[in-house]
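Q: Please examine one part of this model closely: the place where two of its domains meet. I would also like an account of the surroundings of the ligand.

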Amino acid sequence: MKSINTTGQVIRRGEPGFEEAVLGTSFTVRDPGRRPDIVVQAHDVFEVISAVKQAAKDGMRVGMCSGGHSWAQNHIRDGGLMLDLSRLKGIEINTSNNTAVIGPGVLAGELNAAVVKHQLFFPVAHAYTVGMGGFLLQGGFGWNSRHLGMGCQNVIGLDVVLADGSLVHASETEHPDLFWSARGAGPGFFGVVVRFHLQLHKRARFIGLKTQVFRIQHLESVMRWADQVGPQVSPLVEFQIVMNPKALLINAHGMEVIAPVMADSWSEARELVDFMTHSPVRHLSSLHLPLVPMSLEFMMKTGEKTLFLSNTRWSADNMWMNDPIEPLLPSLRKIADSQPPHPSHVLWLNWNAPANRPDMAFSQEHRTYLALYCGLGKGVDEAPHVNWATDHMKALEPWSKGIQLADENLAKRPAKFVSDANMVRLNQARAKYDPQGRFHPWMGQLPAQPQ
Ligand SMILES: Cc1cc2nc3c(=O)[nH]c(=O)nc-3n(C[C@H](O)[C@H](O)[C@H](O)COP(=O)(O)OP(=O)(O)OC[C@H]3O[C@@H](n4cnc5c(N)ncnc54)[C@H](O)[C@@H]3O)c2cc1C
């Protein structure tokens with residue numbers, strides 16, 4: 001590459017600081033072995049535009065990175081230009097119409113901290129340090145998303161730098177096909193989002209958490225109960241089960257049954273989690289905590305201190321399910337029996353999506369969700385665990401209804417992530433907005449493309 005007309009930091013392969021500029025972006029500390037040719041650390045929209053224009057001139061592919069939290073490290077690609085957007089951090093809140101305009105480098109926790117001052121709310125990701133850029137593009141299963149909708153559903157506009165370097169605004173009325181695509185295309189989006197325009201919500205008066213912990217020997221009983229009661233659980237409750245080799249307070253292999261709840265009052269919240277208080281499996285629990293009021297920030301930070309540890313080599317895979325849990329129980333037992341050490345964990349999530357969503361690329365969700373997160377700390381040998389998540393998900397494919405892009409593992413296991421009809425529309429929009437393939441598509445071999 002000749003020169004980039006930008007004041008952004010430009011670091012080429014082989015130059016001092018290059019390795020740190022690439023690998024330092026990533027939440028998972030695994031080295032993917034891939035390297036771009038050049039990294040541009042942009043500080044504003046103009047630097048983004050000039051980097052994309054220069055890449056177009058030089059015939060280089062462009063990849064984007066906001067918060068670097070892709071489990072698969074989709075943001076680190078081989079060759080081309082890596083555009084690091086983590087410094088685009090503006091947050092403007094308009095309290096007259098409860099909207100916000102943010103940069104893609106804003107972290108989930110930073111946005112939450114900014115809106116809480118106005119008693120407002122956005123369904124941000126569950127961990128503090130997730131980048132809003134990638135989170136909002138892939139769907140965005142945020143706090144209270146069962147009630148308020150996916151993060152992307154609450155995107156009302158985007159400012160996007162296209163493949164030719166032009167800056168456009170996309171919304172329901174301007175470039176509607178680009179807007180439609182950005183709400184769900186995830187790591188295959190074909191433009192650089194430099195600003196997201198968001199709809200904010202009134203903050204719930206009560207936010208709290210109900211927890212029970214069971215030893216892993218009760219896996220089958222607990223899962224049967226959870227699967228059966230799930231459809232009746234209010235959308236104000238994020239009912240989930242985490243299989244954790246070091247479960248909360250018992251410090252042994254167990255299942256944390258967790259129910260964050262957001263309601264108008266403590267008494268309403270207590271009623272909403274009554275299904276746990278009076279559950280038929282409660283007598284099996286090793287620990288039963290009352291509903292405790294808790295700030296979102298505390299929950300986000302605690303999650304990162306106890307489960308989503310940094311300095312860890314992570315890999316993940318996932319699937320949507322519709323069928324009752326019974327035939328899957330032997331597989332869940334195998335998953336538990338082979339579970340790598342803490343902080344590796346398994347998430348079962350009661351989703352039961354609403355009947356309708358706005359028309360957007362995001363189009364795949366089902367009754368329940370299962371994700372495997374393999375997290376290996378320093379010194380833990382990778383060899384026995386490296387394919388744990390992928391192999392178990394492969395074995396469960398007969399029950400899979402496809403995957404979420406949030407926890408995608410497409411490079412290792414191709415799977416369907418939007419409806420067939422939406423894949424066709426996404427391909428058409430990509431051909432229109434990025435005819436020369438300037439932007440990297442999803443990693444790996446995609447499932448057979450519908451015509
Ligand atoms: C600890 C942890 C907790 C998580 N919790 C949740 C959760 O609660 N809910 C949920 O839904 N997901 C969650 N995720 C998944 C996360 O939302 C996705 O991995 C998301 O892509 C991360 O966004 P990022 O900007 O940090 O990632 P990056 O790795 O920077 O981006 C991922 C990909 O998105 C694209 N992209 C990013 N920014 C832009 C941009 N500005 N313009 C165009 N394309 C862009 C690029 O293709 C990039 O490769 C979590 C991940 C981790 C590691």
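A: The following account takes the domain contact, then the ligand.

The model is predicted. Its chain is divided into domain 1, residues 9-84, domain 2, residues 91-203, and domain 3, residues 206-399. The contact considered here joins domain 1 and domain 3, whose centres, taken over C-alpha atoms, are separated by 33 Å. To this contact domain 1 gives 6 residues, while domain 3 gives 12 residues.

Between them, domain 1 and domain 3 bury about 800 Å², and carbon and sulfur atoms account for 62% of that area. On the side of domain 1, the residues that lose the most area to domain 3 are Phe-27, Arg-30 and Trp-71; together they make up 75% of what that side buries.

Arg-30 also takes part in a salt bridge, its partner being Glu-382, with the closest N and O atoms 2.7 Å apart. Because the criterion is a side-chain nitrogen of Lys or Arg within 4 Å of a carboxyl oxygen of Asp or Glu, the separation of 2.7 Å between Arg-30 and Glu-382 satisfies it. Across the interface of domain 1 and domain 3, the count of salt bridges is 1. Polar contacts between these two domains amount to 4 residue pairs, with both residues at pLDDT 80 or more. By residue class, the side of domain 1 that touches domain 3 comprises 3 nonpolar, 2 polar and 1 charged.

Turning to the ligand, 31 residues surround it, and the closest are Ser-66, Gly-68, Asn-74, His-126 and Phe-141. Backbone atoms also approach oxygen atoms of the ligand. For Gly-67, a backbone N or O atom lies 2.9 Å from a ligand oxygen. For Gly-134, a polar backbone atom is 2.9 Å from an oxygen atom of the ligand, and for Phe-135 the distance from a backbone N or O atom to a ligand oxygen is 3.3 Å. On its own the ligand has 950 Å² of accessible area, of which the protein covers 96%.

Definitions and conventions
Residues are numbered from 1 along each chain as its sequence is written. This is a predicted model: local features need pLDDT of at least 70, side-chain atom pairs count only at pLDDT 80 or more; totals for chains, interfaces and linings use all residues. Side-chain values use heavy atoms; hydrogens and water are left out. Domain bounds come from an automatic or database domain assignment. Contact means heavy atoms within 4.5 Å. Buried area is the accessible area (1.4 Å probe) that two parts lose on being put together, summed over both. A polar contact is a pair of N or O atoms within 3.5 Å; within protein, one must be able to donate a hydrogen and the other to accept it, and residues adjacent in sequence count only if both atoms are side-chain atoms. Ala, Val, Leu, Ile, Met, Phe, Trp, Tyr, Cys and Pro count as nonpolar, Asp, Glu, Lys and Arg as charged, and the others, Gly among them, as polar. A residue is near a molecule or strand if one of its heavy atoms lies within 4 Å of it. Accessible areas come from the Shrake-Rupley method with a 1.4 Å probe; for residues, only the protein chains shown count as cover.
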